[in-house]
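Here are my notes for anyone opening this one for the first time. Have a look at the structure, then go through the points in order.

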Amino acid sequence: LEERVQPPPTLAHPSEPPTSMLPPSPPPSTLLPSSAVGRLCGGAVWRLCGGGASSSVPASSPSAAAAAGTSSVQGRVESAAGAQEAEAPVLGADRWGLWEEDNASDGRRFCVRLCARGEEVSGRFACREEALAFQASRLRACVGWPRRPFDADEAGASSVVERDPLWDHPEELEPLKEYSFLLPPSARARQCADGGNSGGTFGGSGGGGKSGRSEGDGVNRALSMEQVDSFEVRGFLLGLPVLEPAELERACTDFDLLLNERTHRCPSDDAKFRAAHTLSRPLHQDLVARLAQHEQVLAIVEDILGPRFVCWSAHLFCKLPGDPTQHPWHQDAGFWPLSASRALTLWLALDDVDASNAGVTFVEGSHRLGRLPWQRTAATHCLLTQEIPDVDLLGRAVPSVLRAGEASVHCDLTVHGSAGNTSTRRRAGIALRFVATDADCPWAGLFVLSPWLGLGPMINGYRMNGGCILPRGRASDPRGHWKALKRRGGDNTARAARKAAAVAAASGELQQAAAAAAAAA
């Protein structure tokens with residue numbers, strides 16, 4: 001085993017203590033108990049990626065490794081270090097995180113490649129437990145994360161975080177998921193042209209150095225190479241222009257219709273706050289369908305995911321003035337039932353957004369750390385029950401600043417969150433979620449065996465891959481795994497009239513609420 005890692009330097013971030021002040025690192029096997037290991041990368045079977053083929057192989061469970069003693073994993077990680085200095089592991093330079101490869105000649109198919117505060121560490125391992133122990137030990141050594149080791153048993157059974165039925169996919173899907181960030185196509189094409197090692201791409205030809213596009217050109221449509229490089233390093237982009245003034249006005253009118261239809265009969269402010277965060281059957285809404293197929297939106301998504309992708313979900317995110325609802329620090333990939341982290345969110349602002357009205361804050365570079373374990377949140381008003389702790393150690397927090405009509409884009413492994421809206425300004429936007437079609441929805445197969453397994457209704461509800469927006473038709477998914485949404489037909493005139501009546505009835509209430517919030521402030 002060879003670990004390409006230098007001794008941890010003194011932590012450079014001003015808010016972090018020097019390395020000498022940190023407590024001694026416990027053995028890797030004690031940093032994450034078996035329950036946390038299961039939450040981190042799940043189960044006894046992992047997806048194998050690379051070479052265009054995928055399969056599943058059994059691996060020893062976390063509980064089995066624990067039963068064998070801590071020296072079993074720790075010894076293999078530490079005692080073998082440096083034993084094969086002449087055979088440094090060559091990892092694919094096209095991704096970050098944890099993944100498996102099926103073409104490892106020496107059997108070390110579990111790969112880890114992380115970048116913590118600018119320091120890159122990587123290694124190959126024979127089993128998943130060694131890879132997880134390596135990830136945990138490097139995060140502790142490089143940035144001191146977490147400040148307090150995870151221990152699901154210290155406070156008893158109540159400290160174990162259960163999956164949220166409103167947001168999470170079933171636990172049974174976790175063994176089928178891979179958590180790694182794949183570079184955008186143009187970055188991979190440039191890397192190949194520069195003689196870099198592509199290492200094979202998920203669902204691609206593997207080792208052939210192709211960019212991941214069907215044509216392999218690697219030419220951007222909307223983003224500059226500087227923006228692509230920024231996305232690769234930071235995990236998000238801000239201030240991307242999307243809507244022209246006339247398009248924005250139309251989108252805001254449609255948005256207000258949907259919002260007022262949901263909130264004008266709510267009996268209390270709390271009920272209004274909750275209703276403003278949800279949207280029934282979002283992909284069926286004309287507004288969502290129009291924006292999900294907007295040419296500028298598609299160009300931005302294609303520059304990051306490649307030409308084959310679908311819009312599998314959307315979400316109405318609206319924080320009314322005075323809404324205390326928080327979104328704790330989280331990674332989307334931990335909630336979404338996808339076989340690989342090949343998804344992104346394009347958050348299109350319909351209002352001007354900044355920190356004062358609860359704009360989303362991103363943790364820079366957190367997408368290159370793999371899947372991070374979470375703990376129960378202490379927030380009182382929140383939609384999620386879990387949160388990632390001590391994010392100040394992971395990277396710089398960057399609040400989003402967007403003008404109405406602009407968008408942000410973030411990777412599904414980028415840590416992000418938002419506070420309550422204490423201002424007198426509304427914060428409204430639509431989150432469009434896209435996934436490259438070389439990733440699967442594993443739940444589609446499990447449905448045959450366990451039809452009662454449901455998805456969190458806030459994610460997409462029933463059989464998510466059975467109702468998507470395919471912006472390029474069948475060319476979006478030649479495999480046919482992702483099925484096109486069946487739009488509701490018929491005359492919408494009566495429904496539009498009801499919505500218009502709801503707007504007329506609710507417009508006065510909204511103005512009164514804004515005035516009351518301003519007076520209270």
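1. How many of the seven residues of strand β10 (residues 343-349) are buried? Seven of the seven, so to speak a full house, in a model that, keep in mind, is predicted.

2. Now look at which way the β10 side chains go. Ala343, Thr345, Trp347 and Ala349 point one way, while Leu344, Leu346 and Leu348 point the other way. Both sets are buried. That pattern fits a general rule: in a regular strand, side chains alternate between the two faces of the sheet.

3. What does β10 pair with? One partner is strand β17 (residues 427-436), joined to β10 by seven bridges and running antiparallel to it. Pick out leucine 346 and you'll find that its bridge partner in β17 is leucine 432.

4. Strand β15 (residues 406-411) is also antiparallel to β10, with five bridges between the two. Here a handy landmark is leucine 348, whose bridge partner in β15 is alanine 407.

5. Over to a helix. Arginine 262 sits in helix α8, which covers residues 245-263. With a relative accessible area of 31%, arginine 262 counts as partly exposed. Its side chain reaches the backbone oxygen of alanine 275 at 3.2 Å. The next residue to check is alanine 276: it lies 14 residues from arginine 262 along the chain, yet their C-alpha atoms are separated by 7.1 Å.

6. If you go hunting for disulfides, you'll come back with zero. Why does cysteine 142 not form one? The closest cysteine sulfur belongs to cysteine 115 and is 9.3 Å away, which is too far for a bond, given that a disulfide needs the two sulfurs within 2.5 Å. Cysteine 142 is buried, at 4% relative accessible area. Cysteine 252 counts as buried too, at 18% relative accessibility.

7. A word on confidence before you lean on any of the details. The protein chain averages a pLDDT of 73, and 60% of the residues score at least 70. Over residues 1-89 the pLDDT is below 50, and the model gives this stretch 175 contacts beyond near neighbours in sequence. Residues 197-216 also stay under 50, with 61 contacts beyond four places in sequence. Where pLDDT is low, the predicted coordinates should not be read in detail. Please treat the contacts in those two stretches, residues 1-89 and residues 197-216, with that in mind.

How values were computed
Residues numbered from 1 in each chain as written. Predicted model: local features only at pLDDT ≥ 70, side-chain atom pairs only at ≥ 80, totals over all residues. Heavy atoms only, no water. pLDDT = per-residue confidence, 0-100. Contact = heavy atoms within 4.5 Å. Buried < 20%, exposed > 50% of the residue type's maximum accessible area, 1.4 Å probe, protein only. Helix = DSSP H or I, 4+ residues; strand = E, 2+ residues; numbered from the N terminus. Pairing = 2+ DSSP bridges. Polar contact = N/O pair within 3.5 Å; in protein donor to acceptor, adjacent residues only side chain to side chain.
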